[in-house]
Amino acid sequence: MVYLKSAEEIELMRESALIVSRTLNLVAEHIGEGVTPLKLDKLAHEYINDQGAVPGFLGFGGFPNTLCISVNEAVVHGIPNDKPFSSGDIVSVDCGAVKNGFYGDHAYTFAVGEIDLELENLLRITKECLYLGIEQMRKGKRVGDIGFAIQDHAEKHGYGVVRELVGHGLGKTMHEDPQVPNYGKRGRGKKLSDGMVLAIEPMINLGTKEVLMLDDDWTIITADKKPSAHFEHDVALINGEPDILSSFEEVENTLEKRGMNPLRMTLQSISKSVV
Ligand code: MG
Ligand code: MG
């Protein structure tokens with residue numbers, strides 16, 4: 001069942017989403033060579049608590065931490081450990097927070113030190129996939145239009161689109177209807193309507209689309225051990241148009257300040273530049 005949100009509820013959800021955005025910015029400030037996933041997890045945990053919010057993932061289905069930190073071939077759901085990052089790693093950081101009873105849930109994939117051009121392209125295209133999916137979140141469109149836009153752009157570049165994990169409705173619970181696959185057919189699936197809030201989250205692999213689960217029963221990795229990227233925004237449909245509740249702006253500003261490529265893009269820039 002899809003729960004449509006009122007304008008007031010959407011503003012509360014924006015607050016939750018932006019707590020996650022600022023948590024990701026804290027990660028952007030601290031991530032680097034020699035830093036451990038557990039250090040980022042501790043910073044995030046303290047920050048979310050300081051905001052009067054509760055970490056959304058901690059204890060969710062038994063997940064042991066605040067952040068999901070998925071390095072290189074890990075796609076999503078990585079458990080933070082004490083293995084330091086190395087230059088050349090790509091690190092997906094996914095974070096949830098609950099405030100006023102509503103979930104925020106979004107993710108960014110960071111580069112550590114110098115990464116190969118092939119990986120920078122994977123990050124850029126995956127982020128473009130996210131915005132191209134969001135661009136479809138309009139009155140009269142359907143869930144399949146979002147999936148089609150993401151899949152089409154990723155596969156045009158020869159990447160694998162993960163099938164087993166999908167985006168989702170978001171609200172008072174983390175996973176609401178409808179499911180939002182990163183693949184699909186135009187004009188198919190549930191019709192989009194005002195008041196929907198969706199977590200749109202392409203998970204795009206450099207190689208095969210096939211994935212496996214590690215023995216920890218959480219971490220999803222690519223079957224060919226090639227790297228994978230993941231970006232996620234929380235998006236409301238208001239007056240027939242997408243309103244992105246979360247924000248990468250602070251993260252991108254921080255990355256730029258640190259001399260890293262911010263891969264800056266917006267919904268407006270993407271619809272003009274990508275063909
Ligand atoms: Mg997430
Ligand atoms: Mg999600």
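Where is Asn239 found? Keep that one in mind; the tour gets there near the end. One thing before you click: this is a predicted model.

**Start with the whole chain**

Show the protein as a cartoon and colour by secondary structure. You should pick out six helices and 15 strands. The radius of gyration is 17 Å, close to the 19 Å that the globule rule gives for 275 residues, so the chain is as compact as a globular protein of that length. Along the principal axes, the C-alpha atoms fill a box of roughly 50 × 45 × 40 Å.

Switch on the surface. Its accessible area comes to about 11500 Å², and carbon and sulfur atoms account for 49% of that. Of the 275 residues, 56% count as buried. If you draw contacts between residues at least 6 apart in sequence, 71% of them join residues at least 24 apart. Colour by charge and you get 28 positive and 41 negative side chains, with the centres of the two sets 7 Å apart.

**Select ligand 1**

Now hide the surface and centre on the magnesium ion (ligand 1). Its coordinating atoms come from Asp94, which appears twice with OD, plus Asp105 (OD) and Glu232 (OE), at 2.0 to 2.4 Å. Along the chain, these donors follow the spacing D-x10-D-x126-E. Asp94 sits in strand 4 (residues 90–99) and Asp105 in strand 5 (residues 102–111), so the pair ties together parts that are eleven residues apart in sequence. Both aspartates, Asp94 and Asp105, are buried.

**Step across to ligand 2**

Follow Asp105, which bridges the magnesium ion (ligand 1) and the magnesium ion (ligand 2); the two ions lie 3.2 Å apart. Show the side chains around ligand 2: Asp105 (OD), His168 (NE2), Glu201 (OE) and Glu232 (OE) coordinate this ion at 2.1 to 2.2 Å. The sequence spacing of its donors reads D-x62-H-x32-E-x30-E.

Two of those donors are worth labelling. Glu201 is in the loop between strand 9 (197–200) and strand 10 (203–205), while Glu232 is in the loop between strand 13 (228–230) and strand 14 (233–238); the pair links distant parts of the chain, 31 residues apart. Are they buried or exposed? Glu201 has a relative accessible area of 6%, so it is buried. Glu232 is at 0% and counts as buried too.

**Select Ser70**

Next, go to strand 2 (residues 67–71) and pick Ser70. This serine is buried, with a relative accessible area of 1%. Leave aside its neighbours within four places in sequence, and its contacts are Val75, Val76, His77, Gly78, Ile90, Val91 and Ser92. Then measure out to Ile220: the C-alpha atoms are 8.4 Å apart, although the two residues are 150 apart in sequence.

**Three backbone stops**

Zoom to Asp177 and Pro178, which are joined by a cis peptide bond with omega at about -5 degrees. Pro178 belongs to strand 8 (residues 176–180).

Now back to Asn239, in the loop between strand 14 and strand 15 (241–244). This residue has a positive phi of about 50 degrees although it is not a glycine. Its relative accessibility is 69%, so Asn239 counts as exposed.

Finish at Leu263, in the loop between helix 5 (249–257) and helix 6 (267–273). Here phi is positive as well, about 45 degrees, and again the residue is not a glycine. Leu263 is buried, however, with a relative accessible area of 10%.

Conventions
Residues are numbered from 1 along each chain as its sequence is written. Chains are lettered from A and ligands numbered from 1 in the order in which they are written. This is a predicted model: local features need pLDDT of at least 70, side-chain atom pairs count only at pLDDT 80 or more; totals for chains, interfaces and linings use all residues. Side-chain values use heavy atoms; hydrogens and water are left out. Helices (H or I, at least four residues) and strands (E, at least two) are DSSP runs, numbered from the N terminus. The radius of gyration is taken over C-alpha atoms; the globule rule is 2.2 Å times the number of residues to the power 0.38. Buried means under 20% relative accessible area, exposed over 50%, partly exposed in between (1.4 Å probe, protein chains only). Contact means heavy atoms within 4.5 Å. Accessible areas come from the Shrake-Rupley method with a 1.4 Å probe; for residues, only the protein chains shown count as cover. Lys and Arg count as positive and Asp and Glu as negative; His and the chain ends are not counted. The place of a charge is taken as NZ of Lys, CZ of Arg, CG of Asp or CD of Glu. Donors are N, O and S atoms within 2.8 Å of the metal (3.2 Å for Na, K and Ca); water is not among the atoms, so sites may look incomplete.
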